[in-house]
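Here are my notes on this structure, set out as numbered points. They begin with the chain as a whole and then turn to particular contacts and residues.

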Amino acid sequence: MTDPIHEGDSEAQIRRTALYSTLAQVPAGKVVSYGQLADLAGLGRAARWVGRTLSQLPGDTKLPWH
């Protein structure tokens, strides 16, 4: 069964979208680890992938990460 919302999206793009959407919901002043962020985004044990993906964001991103 296909998901009509994500039809045509690559698996990698779906994972990035889940990550960015979850990160955008972290309240200002709160801290989450890459592992916690992966878990909250439904990505399992993907802490290293999260860190690597976030390090590739453009310098002017509005997403809160460091």
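**Notes on the fold and its contacts**

1. The protein chain has 3 helices and 0 strands, and from the N terminus on its elements run α-α-α. Please keep in mind throughout that this is a predicted model.

2. For the chain as a whole, buried residues make up 24% of the 66 residues. Of the contacts with a separation of 6 or more, 46% are accounted for by residues 24 or more positions apart.

3. How do helix 1 and helix 3 pack? Helix 1, which covers residues 11-24, packs with helix 3, residues 47-55, at an angle of about 80 degrees, and the two axes are 11 Å apart. Because angles of 65 to 115 degrees count as roughly perpendicular, helix 1 is described as roughly perpendicular to helix 3.

4. Which residues make up this contact? From helix 1 come Arg-15, Arg-16, Leu-19, Tyr-20 and Leu-23, and these meet Trp-49, Val-50, Thr-53 and Leu-54 of helix 3. Sorted by character, the residues of the contact of helix 1 with helix 3 comprise 6 nonpolar, 1 polar and 2 charged.

5. Two of the residues named in this contact deserve a further remark, since Arg-15 lies over the face of Trp-49, at 4.4 Å from the ring centre. Pairing between aromatic rings is a separate matter: with ring centres required to lie within 6.5 Å, the count comes to 0 aromatic pairs.

6. In helix 3, the buried residues are Trp-49, Val-50, Gly-51, Thr-53 and Leu-54. What covers these buried residues of helix 3 includes both helix 1 and helix 2.

7. Thr-53, which lies in helix 3, has a relative accessibility of 6% and therefore counts as buried, the cut-off being under 20%. When its neighbours within four places in sequence are left aside, Thr-53 is in contact with Arg-16, Leu-19 and Tyr-20, and these three residues are listed on the helix 1 side of the contact with helix 3.

8. Is Thr-22 buried or exposed? Thr-22 lies in helix 1 and is buried, because its relative accessible area is 16%. Apart from neighbours within four places in sequence, Thr-22 is in contact with Leu-37, Leu-40 and Ala-41. For one of these residues, Leu-40, there is also a backbone distance: the C-alpha atoms of Thr-22 and Leu-40 are separated by 6.9 Å, although the two residues are 18 residues apart along the chain.

9. The loops offer a contrast in exposure. Ala-28 has its place in the loop between helix 1 and helix 2, the latter covering 34-40, and with a relative accessible area of 81% Ala-28 is exposed. Ala-28 and Pro-64 are 36 residues apart in sequence, while their C-alpha atoms are 8.0 Å apart in space.

10. Gly-42 is found in the other loop discussed here, between helix 2 and helix 3. At 62% relative accessibility Gly-42 counts as exposed, because the cut-off for that class is over 50%. The C-alpha atoms of Gly-42 and Leu-19 are separated by 8.5 Å, with their positions 23 residues apart along the chain counted as the separation. Leu-19 itself appears among the helix 1 residues that meet helix 3.

Definitions and conventions:
Residues numbered from 1 in each chain as written. Predicted model: local features only at pLDDT ≥ 70, side-chain atom pairs only at ≥ 80, totals over all residues. Heavy atoms only, no water. Phe/Tyr/Trp six-rings, centres within 6.5 Å; stacked < 30°, edge-to-face > 60°. Lys NZ or Arg CZ within 6 Å of the ring centre and 35° of its normal. Axes fitted to C-alpha atoms, helices over the stretch in contact; angles between N-to-C directions. Helix = DSSP H or I, 4+ residues; strand = E, 2+ residues; numbered from the N terminus. Parallel < 35°, antiparallel > 145°, perpendicular 65-115°, else oblique. Contact = heavy atoms within 4.5 Å. Nonpolar A, V, L, I, M, F, W, Y, C, P; charged D, E, K, R; others polar. Buried < 20%, exposed > 50% of the residue type's maximum accessible area, 1.4 Å probe, protein only.
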